[in-house]
Amino acid sequence: MKFYSKTTGGFYHPDIHASDERPADAVEVSDARWEELLIAQSQGMRIEGDDDGLPIAVAPVVTAEDQLARLRELRNAALATSDWTQLSDAMASPRRQQWKAYRQALRDLPAQAAAAIAAGQDAASIEFPTPPG
């Protein structure tokens, strides 16, 4: 058995936290339910207290800003892994131009995603350009 407090958003173990050390709103949670919640959390869910203070797993709210930030992270990683292609001695000029076009398409992604979000679409619908083969 564990205890969960909605006010702190935390679990309390009776072997570690005496009853006077737990928040007043702490409610009992079975070990099986605690394990279910931890599995849900490991799969991307958040643990929150419901109206009765009991812990539940809920899907995280992903804002447009979150979507754009994630897209930029992926885009930046793709740009970083292709930086070498723009070195003058990396490859022949026509091939380098293909990589340059690819990198420009990567740079254009945030604006495309912002436009998609403004149009009510999900930023995840934006397809990343394919690197030159």
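How many residues does helix α1 have, and how far does α1 reach from its first C-alpha to its last? Keep that in mind while you load the model, which is a predicted one. Now select residues 31-42: this is α1, with 12 residues and a reach of 16 Å, close to the 16 Å expected at 1.5 Å a residue. Then look at what follows the helix: Gly 44 has a positive phi, near 100 degrees.

**Stop 1: the sheet beside α1**

Select β1, β2 and β3 together. They form an open sheet of 3 strands in the order β2-β1-β3, and the pairing is antiparallel. The edge strands are β2, at 10-12, and β3, at 27-29, each pairing on one side only. From one strand to the next, the twist averages 40 degrees. Bring α1 back into view here: α1 packs on this sheet and touches β1, β2 and β3, and its direction makes about 80 degrees with that of β3.

Next, zoom in on β1, residues 2-5, which is joined to β2 by 3 bridges in the antiparallel sense. On its other partner, β1 pairs with β3, again antiparallel and over 3 bridges. Tyr 4 is a good residue to centre on. Opposite Tyr 4 you will find Phe 11 in β2, and Val 27 in β3 also stands opposite Tyr 4. Move along to Ser 5, and its opposite number in β2 is Gly 10.

Show the side chains of β1 now. Which residues point one way from β1, and which the other? Lys 2 and Tyr 4 go one way, Phe 3 and Ser 5 go the other way, and all of them are buried. This fits a general pattern: in a regular strand the side chains alternate between the two faces of the sheet.

Before leaving, follow the chain from β1 into β2. The hairpin has 4 residues between the strands, and Gly 9 takes a positive phi there, near 70 degrees.

**Stop 2: a second hairpin**

Select residues 46-49 and 55-58. These are β4 and β5, which run antiparallel and are joined by 4 bridges. Pick Glu 48 and look across to β5, where Ile 56 stands opposite. This hairpin has 5 residues between the strands, and Gly 53 takes a positive phi near 85 degrees.

**Stop 3: the annotated domain**

Now select residues 69-132. In an unreviewed entry, UniProt places the feature "domain: Phage tail assembly chaperone-like" on this stretch. Colour it by secondary structure: the chain here is 61% helix and 0% strand, and its end C-alpha atoms lie 25 Å apart.

Start from Ala 69, which sits in helix α2. Is Ala 69 buried or partly exposed? Its relative accessible area is 35%, so Ala 69 is partly exposed. Draw a distance to Pro 131: the two residues are 62 apart in sequence, and their C-alpha atoms are 21 Å apart.

Arg 72 is also a resident of α2. With 37% relative accessibility, Arg 72 counts as partly exposed. For a longer view, draw a line from Arg 72 to Ala 18: they are 54 residues apart along the chain, with 46 Å between their C-alpha atoms.

Then step to Ser 82, in the loop between α2 and α3. The relative accessible area of Ser 82 is 2%, which is under 20%, so this residue is buried. Show what surrounds Ser 82: beyond its neighbours within four places in sequence, its contacts are Trp 99, Tyr 102 and Arg 103.

**Stop 4: the cores**

Finish inside. The largest nonpolar core has 13 residues, and those touching the most other members are Leu 71, Tyr 102, Leu 106, Leu 109, Ala 113 and Ile 126. Both α2 (64-81) and α3 (93-118) supply at least two residues of this core, with α3 giving the most, 6 residues.

Centre the view on Leu 71 and switch on its contacts. Not counting residues up to four places away in sequence, Leu 71 touches Leu 109, Pro 110, Ala 113, Ala 123, Ile 126 and Phe 128. Last of all, select Val 27, Val 29, Leu 37 and Ile 47: these belong to a second, separate core of 5 residues.

Note on methods: Residues are numbered from 1 along each chain as its sequence is written. Side-chain values use heavy atoms; hydrogens and water are left out. The expected span of a helix is 1.5 Å times one less than its number of residues. UniProt positions are given in the numbering used here, feature names are shortened, and annotations may be inferred rather than shown by experiment. A nonpolar core is a set of buried Ala, Val, Leu, Ile, Met, Phe, Trp, Tyr and Cys residues joined through side-chain atoms within 4.5 Å. Buried means under 20% relative accessible area, exposed over 50%, partly exposed in between (1.4 Å probe, protein chains only). Contact means heavy atoms within 4.5 Å. Two strands pair if DSSP finds at least two bridges between them. Axes are lines fitted to C-alpha atoms, for helices over the stretch in contact, and angles run from 0 to 180 degrees between N-to-C directions.
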